[in-house]
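Work through these exercises with the sequence and the model open side by side. Try each task before you read its solution.

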Amino acid sequence: MTSAALDRTFSVAPMMDWTTRDYRVFARTLTRHALLYTEMVTTGAILHGSPRARFLGYDDTEHPLALQLGGSDPGELAECAAIAEEWGYDEVNLNVGCPSDRVQNNLIGACLMGHPDKVAAAIRAMRESVSIPVTVKCRIGIDDQDEDADLERFISQVADAGCDTFIVHARKAWLQGLSPKENRDIPPLNYPRVHRLKASRPALHIGINGGLKTLDACREHLQHVDSVMIGREAYQNPWLLASVDDALYGRPGPAQSRHQAARTLRPYIARRLEEGARLNHVTRHLLGLFQGCPGGRRFRRHLSENAHREGAGLQVFDDALGLVPEPERQLADA
């Protein structure tokens with residue numbers, strides 16, 4: 001399969017503790033076509049963790065679905081890519097953007113931007129082991145790197161190794177002096193740099209990520225790049241996703257109202273409870289569903305105060321939903 005076989009016009013960014021399988025199933029009640037990503041999973045977790053389903057399990061409704069890997073050893077990454085393909089993932093993505101100290105110490109994430117040779121070796125090994133797309137998510141640079149020359153060098157080396165798809169977070173990562181949280185906001189966004197990258201490498205698929213909050217902004221960027229990726233806004237204001245299919249794919253979305261999306265998820269919640277999950281494992285991802293709606297705060301408060309309790313079940317979810325008046329028609333606001 002080539003990268004072009006996946007329509008990655010719009011995707012939800014991989015986010016630790018947020019883009020869990022429960023969030024992804026919820027996202028599918030809002031959009032059929034957006035490409036979804038797992039949280040970053042390290043090669044060590046896949047190769048040595050048990051049970052493997054804890055790290056790789058997903059619901060069939062989540063497709064199209066990409067697994068994001070964290071690692072730098074070519075052999076281990078190749079083995080994990082093959083496992084991902086065996087499990088039915090549609091893409092394997094290498095994390096070259098996460099700035100946390102923990103991953104730096106293991107040569108994972110954004111620090112790899114300083115080692116394009118290692119990334120190229122990893123991509124080459126992964127591509128040789130699978131037929132699904134192997135892609136890279138990176139920054140425009142790290143620390144004192146030159147955003148033009150060093151980014152060009154990185155992209156060139158990794159593309160020469162066979163990677164044709166790059167999702168670029170349009171900020172530098174400062175590995176010295178900024179926390180991971182600060183790295184999401186403080187380094188300035190440089191969208192024009194990503195636009196220029198696409199213009200200079202038209203044969204590559206270049207996606208853009210970082211600070212995007214509206215579908216209007218997404219449409220604007222799609223005039224310059226091949227795809228857009230939204231992270232925090234898609235999580236904190238999930239109703240945004242309800243307009244994606246119509247606005248960006250020209251097809252009707254699955255949810256006509258927020259209540260409908262919540263009710264669609266109900267059988268899945270019941271199944272997860274039967275499997276032994278706590279209610280809040282699923283409902284924590286829905287807290288922003290009624291953002292800005294009458295009763296939205298009561299919905300959020302009721303779930304926050306009750307879903308974590310021992311024995312909390314569907315009645316807690318139903319009661320929370322009942323706190324939000326259901327209008328005759330709720331159209332997604334792009």
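**Exercise 1. The second largest pocket**

How much space lies in the second largest pocket? Then describe its lining.

Solution. Keep in mind that this model is predicted.
- Step 1: Start with the volume. The second largest pocket holds about 490 Å³ of space.
- Step 2: Look at the lining. It has 21 residues, and Glu39, Met40, Val41, Arg54 and Phe55 lie nearest the centre of the pocket.
- Step 3: Turn to the elements. Helix H1 (21-27), strand E2 (35-42) and helix H3 (53-56) each supply at least two lining residues. E2 gives the most, with five residues.
- Step 4: Sort by class. The lining divides into eight nonpolar, four polar and nine charged residues.

**Exercise 2. The largest pocket**

Describe the largest pocket in the same order: space, lining, elements, classes.

Solution.
- Step 1: About 800 Å³ of space lies in the largest pocket.
- Step 2: Its lining counts 31 residues. Nearest the centre are Pro14, Met15, Met16, His169 and Arg184.
- Step 3: Two or more lining residues come from each of helix H5 (101-104), E5, E6 and helix H10 (232-236). H10 gives the most, with three.
- Step 4: By class, the lining has 12 nonpolar, 10 polar and nine charged residues.

**Exercise 3. Strand E6 and its partners**

Is strand E6 (residues 165-173) largely enclosed or open, and why? Next, find the strands that pair with it.

Solution.
- Step 1: Count the buried residues. Nine of the nine residues of E6 are buried, so the strand is largely enclosed by the rest of the structure.
- Step 2: Take one partner. Strand E5 (residues 134-142) pairs with E6 in the parallel sense, over six bridges. Here isoleucine 142 stands opposite alanine 173 of E6.
- Step 3: Trace the chain between them. From E5 it passes through helix H7 (residues 149-160) to E6, in a right-handed β-α-β crossover.
- Step 4: Take another partner. Strand E7 (residues 205-209) runs parallel to E6, joined by five bridges. Phenylalanine 166 stands opposite isoleucine 206 in E7.
- Step 5: Trace the chain again. E6, helix H8 (residues 191-200) and E7 make a right-handed β-α-β unit.

**Exercise 4. Cysteines**

How many disulfides does a search of the whole structure find? Check two cysteines.

Solution.
- Step 1: The search finds zero disulfides.
- Step 2: For cysteine 80, the nearest cysteine sulfur belongs to cysteine 98, 17 Å away. The cut-off for a disulfide is 2.5 Å.
- Step 3: For cysteine 218, the nearest is that of cysteine 138, 18 Å away.
- Step 4: Check burial. Cysteine 80 is buried, at 1% relative accessible area. Cysteine 218 is buried too, at 0%.

How values were computed
Residues numbered from 1 in each chain as written. Predicted model: local features only at pLDDT ≥ 70, side-chain atom pairs only at ≥ 80, totals over all residues. Heavy atoms only, no water. Buried < 20%, exposed > 50% of the residue type's maximum accessible area, 1.4 Å probe, protein only. Helix = DSSP H or I, 4+ residues; strand = E, 2+ residues; numbered from the N terminus. Pairing = 2+ DSSP bridges. Right-handed = clockwise from strand over helix to strand, strands pointing away. 1 Å grid on protein atoms, 1.4 Å probe; cavity = no way out; pocket = protein on both sides within 12 Å on 5 of 7 lines; lining within 4 Å. Points joined across faces, edges and corners; volume = space filled by probe spheres on them. Nonpolar A, V, L, I, M, F, W, Y, C, P; charged D, E, K, R; others polar.
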